[in-house]
Amino acid sequence: MIFAFAFFHMQNHKFTKMALLFLTFLCLITSSRAAILNRIGINYGRLGNNLPSPAKSIELLQSMNAGRVKLYDADHEILHLLSGKNIEVAITVANDEISAIASNQHLADQWVYEHVLAHYPSTKIRFVLVGNEVLSSTNTVQDMQIAKDLVPAMRRIKNTIKSQGIRNIKVGTPLAMDMMGTTFPPSNGSFKPEMRELMIPLLKYLNGTRSFFFVDVYPYFAWAESRANNQTGIDLGFALLRSGNMTYTDPQSGLVYTDLLDQMLDSVVYAMAKLGYDDVMLAIAETGWPHEGDSDEFGANKENAAEYNNNLIRKMSATPSNGTPARPGAVIPTFIFSMYDENQKYGPATERHWGLMNPDGSAVYAVNITGKVNPSD
């Protein structure tokens, strides 16, 4: 009896030790997975006539320790240069390609073969984004047709990728905050009524494929608009994600907000929930702060841009993930806009001054993509 008890105790101890080792292993995997997902991405736009070569640009991305890069096309030279690099890549299907792909599986196959399979897996393509802010332009018959063709095109692209046995590429589409009818308070968030018939099939697709709802979200514009309409407006520190600056309590949900970005993201969360989709994952396709603007574009300066982006990086690269008040702990893949100033863009001066890097490869202002230490350190 004593021997049996001792044997059981020894076996039980061995089992407990194995269980603890297994749990430790799981925690390490989870932590590693979160660290990978929380790596900050950079938008690589090329609407400029003074930009470094693609080869130099990829070197700069590596020197910045960027975890991801988002392209506004699927340029073969850039994808080839990214081969073998430890940088995850998002590529884009152009808006004017959407309708043709939506109506023809062969064209979808061809697009994937040319732009994905020609480079994958040596180039770490992880996202295929179909279109860019497609739902922001629905004024013409053609624009509305593209908007209606968006989900069918996404589905065809996904079908081709899946048919090749690829399971680690998500298909999504970036949307702008102009899709929202109401954003404040966050719990009152809702899409514009005219967006409903377009949004429901999109959410159904994203939910079914466990993909991300990509959003272009800019606290700068919300802050600037509030300042233009009201002399006090939104507190600047709240928009810059300044820690310990102030808080806002949503009167309906009771959730406490410490920055404007969380408010804007959660307004999208609540809008999706109102359409019956309360667990579609969020990703930030674009966010940033302009470092220069016209004389009437207040707040667009290097000091604010540096503060916003460094605060953003620390917030979004934290392990474990911070998430948002409505989704605590959620991982939100984030791409900063943008790598360079793009001098061929139209509009006010801020449109051309979002870059982190100068054409000569020097930093516009101090920013640390890893989020581990302050740039001043």
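**Notebook: Gly41 and the nine-stranded sheet**

I began at Gly41, which is buried with a relative accessible area of 0%. The model I am reading is predicted. The label follows from the cut-off, because buried means under 20% relative accessible area and Gly41 has 0%.

I looked up where Gly41 sits. Gly41 lies in strand 1, residues 41–44.

Next I asked which residues Gly41 touches, leaving out those up to four places away in sequence. I found Arg68, Thr334, Phe335 and Ile336. I then checked Phe335 by distance. Gly41 and Phe335 are 294 residues apart in sequence, yet their C-alpha atoms are 4.2 Å apart in space.

I moved on to the sheet. Nine strands form an open sheet with parallel pairing. I wrote down the order as 5-4-3-2-1-13-12-9-6. Which strands stand at the edges? They are strand 5 (170–172) and strand 6 (174–176). Each has a single partner strand, so one side of each is left without a neighbour in the sheet. I also noted the twist: neighbouring strands of this sheet are turned by 25° against each other on average, direction ignored.

I took one pairing in detail. Strand 3 (residues 88–93) and strand 4 (residues 125–130) run parallel and are joined by five bridges. Opposite Thr92 I found Leu129 in strand 4. For background, strands of a sheet pair through backbone hydrogen bonds, either parallel or antiparallel.

Last, I looked at a helix. Helix 10 (residues 260–274) lies across strand 9 (212–216) and strand 12 (281–287). Helix 10 runs at about 135° to strand 12.

Key:
Residues are numbered from 1 along each chain as its sequence is written. This is a predicted model: local features need pLDDT of at least 70, side-chain atom pairs count only at pLDDT 80 or more; totals for chains, interfaces and linings use all residues. Side-chain values use heavy atoms; hydrogens and water are left out. Helices (H or I, at least four residues) and strands (E, at least two) are DSSP runs, numbered from the N terminus. Buried means under 20% relative accessible area, exposed over 50%, partly exposed in between (1.4 Å probe, protein chains only). Contact means heavy atoms within 4.5 Å. Two strands pair if DSSP finds at least two bridges between them. Axes are lines fitted to C-alpha atoms, for helices over the stretch in contact, and angles run from 0 to 180 degrees between N-to-C directions.
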